[in-house]
Amino acid sequence: MRIQHSFMNNVRLHFKENGEKWLNELPSILSYCEEKWEMVIQKPYNLSINYVAPAIMKDNNEVVVKVCIPGLEFRDEVEALKLFENQKMNTLLDYDLNRGILILEKLIPGATLVEVGDERQETLIAANILKNLHIKAPRKSSLHTTKQREKNLEEIITQYPTGLGPISVEELHKALDIFTSMNKTAKHDWLLHGDFHHYNILSSDHYGWMSIDPKGLIGEREYDLIQYMLNNLPLENAYETIENRVNLFTEELSLKKDRLLLWGYCHSVLSTAWSVDKDGTYSKPFFKGISIFEDLYNEYFT
Ligand SMILES: Nc1ncnc2c1ncn2[C@@H]1O[C@H](COP(=O)(O)OP(=O)(O)O)[C@@H](O)[C@H]1O
Ligand SMILES: [Mg+2]
């Protein structure tokens, strides 16, 4: 088995002892896949915390095998993939809930959106996917909601009453107030991707551009754009880049700019909080997003 060291470190950091145990089991899970689905697994893609590799089936059909630590997050991914069937989402061919295995249709050539190399084009492609992805949320679902995101921020504030990493106590409370009023005034529940960004958008000769790797989340459509807004930002002109993305997305998808900017503020605070590590490091782009969404809201709406 070819192992990427950064992948092993990420798994250990993220999942602690469970991660170590899973890493030890991984070779046998991969052998199980090869036997059960009669496939040969090839060299993995660039890995973060899941093992993802192309594989060739007995009939020469190409698929992708994704092995994750089984648990709630994995169940949510399976549920979201099933609910998004026939939308602009990669097809789930088979899965094993107990072993954390997904067998997915392989997207060919499977270039990620950043390879387009043109900011405006990329945003238009992403908007076009979302036009054909979001659907009304199912009435019964165990997927997380933006109300639970609000609760999560509330818990973070209880745990860190004087602020967390670079986020001041005032910012934490402001974000919670906005979260509360946004959730109270949200009009429709949509099924959202939950992790929609450049590296979860791949090219396919057969289907055009497609999304992969959904977390599944229930809330307003505007919320689903924020991860994209904060991802792959240039070192300079982050403000203008986010402003252009906001304007293109709201025009293309007929969404509300004020609500997008307000969700942007609270999600930037929450995702910065999630990124703060024990050693004090945190995600700089997420942190920068907090003031950019605040300034954009003030520029357009006050
Ligand atoms: N269906 C697919 N077809 C082609 N490549 C894929 C497919 N699914 C995943 N990949 C490749 O594997 C990488 C990681 O997959 P992803 O599901 O995003 O894992 P993670 O949850 O770890 O982010 C993707 O960025 C892409 O390069
Ligand atoms: Mg991904």
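The buried residues of helix α9 pack against α5, α6, α7 (238-253) and α8. Keep in mind that this is a predicted model. The α9 residues in question are Gly289, Ile290, Ile292, Phe293 and Leu296. Does the helix length add up? With 18 residues (284-301) at 1.5 Å a residue, α9 should span 26 Å, and its end C-alpha atoms are indeed 26 Å apart, so the two values agree.

**Aromatic pairs**

Now for the rings. The structure holds 11 aromatic pairs. Take Phe179 and Tyr223: their ring centres are 6.4 Å apart and the planes meet at 35°, which falls between the 30 and 60 degree limits, so the pair counts as tilted. Phe179 belongs to helix α5 (residues 169-185), while Tyr223 sits in the loop between β11 (217-219) and α6 (226-230), so this pair ties together parts 44 residues apart in sequence. Both of these residues, Phe179 and Tyr223, are buried.

Phe179 has another ring partner in Trp263, with centres 6.0 Å apart and planes at 70°, so here the arrangement is edge-to-face. Trp263 comes from helix α8 (residues 257-275) and Phe179 from α5, so the pair links parts that are 84 residues apart in sequence. Trp263 is buried, just as Phe179 is.

Elsewhere, Phe7, Trp22 and Tyr51 make up one aromatic cluster.

**Charges over rings**

Two lysines have their charged ends over aromatic rings:

| Lysine | Ring | Distance from charged end to ring centre |
|---|---|---|
| Lys36 | Trp37 | 4.8 Å |
| Lys257 | Tyr300 | 3.8 Å |

**The magnesium site**

Which protein atoms hold the magnesium ion (ligand 2)? The donors are Asn200, through OD1, and Asp213, through OD, and they lie 2.1 to 2.3 Å from the ion. Asn200 is in the loop between β8 (190-192) and β9 (201-204), and Asp213 is in the loop between β10 (210-211) and β11, so the pair ties together parts 13 residues apart in sequence. Are these donors buried or exposed? Asn200 has a relative accessible area of 5%, so it is buried. Asp213 comes out at 23%, above the 20% limit for buried, so it is partly exposed.

**Cysteines**

If you're wondering about disulfides, the structure holds 0 of them. Why is Cys33 not bonded to Cys68? The sulfur of Cys68 is the closest cysteine sulfur to that of Cys33, but it is 11 Å away, and a disulfide needs the sulfurs within 2.5 Å, so the gap is too far for a bond. Looking from the other side, Cys68 is in no disulfide, and the nearest cysteine sulfur to it is that of Cys33. Cys33 has 0% relative accessibility, so it counts as buried. Cys68, with a relative accessible area of 4%, is buried too.

**A loop contact at Ile108**

Last stop: Ile108, in the loop between β5 (101-105) and β6 (109-112). Its relative accessibility is 38%, so Ile108 counts as partly exposed. What does Ile108 touch, leaving out residues up to four places away in sequence? The contacts are Glu62, Ser203, Ser204 and Asp205. Ser204 is 96 residues from Ile108 in sequence, yet their C-alpha atoms are 4.9 Å apart in space.

How values were computed. Residues numbered from 1 in each chain as written. Chains lettered and ligands numbered in written order. Predicted model: local features only at pLDDT ≥ 70, side-chain atom pairs only at ≥ 80, totals over all residues. Heavy atoms only, no water. Phe/Tyr/Trp six-rings, centres within 6.5 Å; stacked < 30°, edge-to-face > 60°. Helix = DSSP H or I, 4+ residues; strand = E, 2+ residues; numbered from the N terminus. Buried < 20%, exposed > 50% of the residue type's maximum accessible area, 1.4 Å probe, protein only. Lys NZ or Arg CZ within 6 Å of the ring centre and 35° of its normal. Donors = N, O, S within 2.8 Å, 3.2 Å for Na, K, Ca; no water. Expected span 1.5 Å × (residues − 1). Contact = heavy atoms within 4.5 Å.
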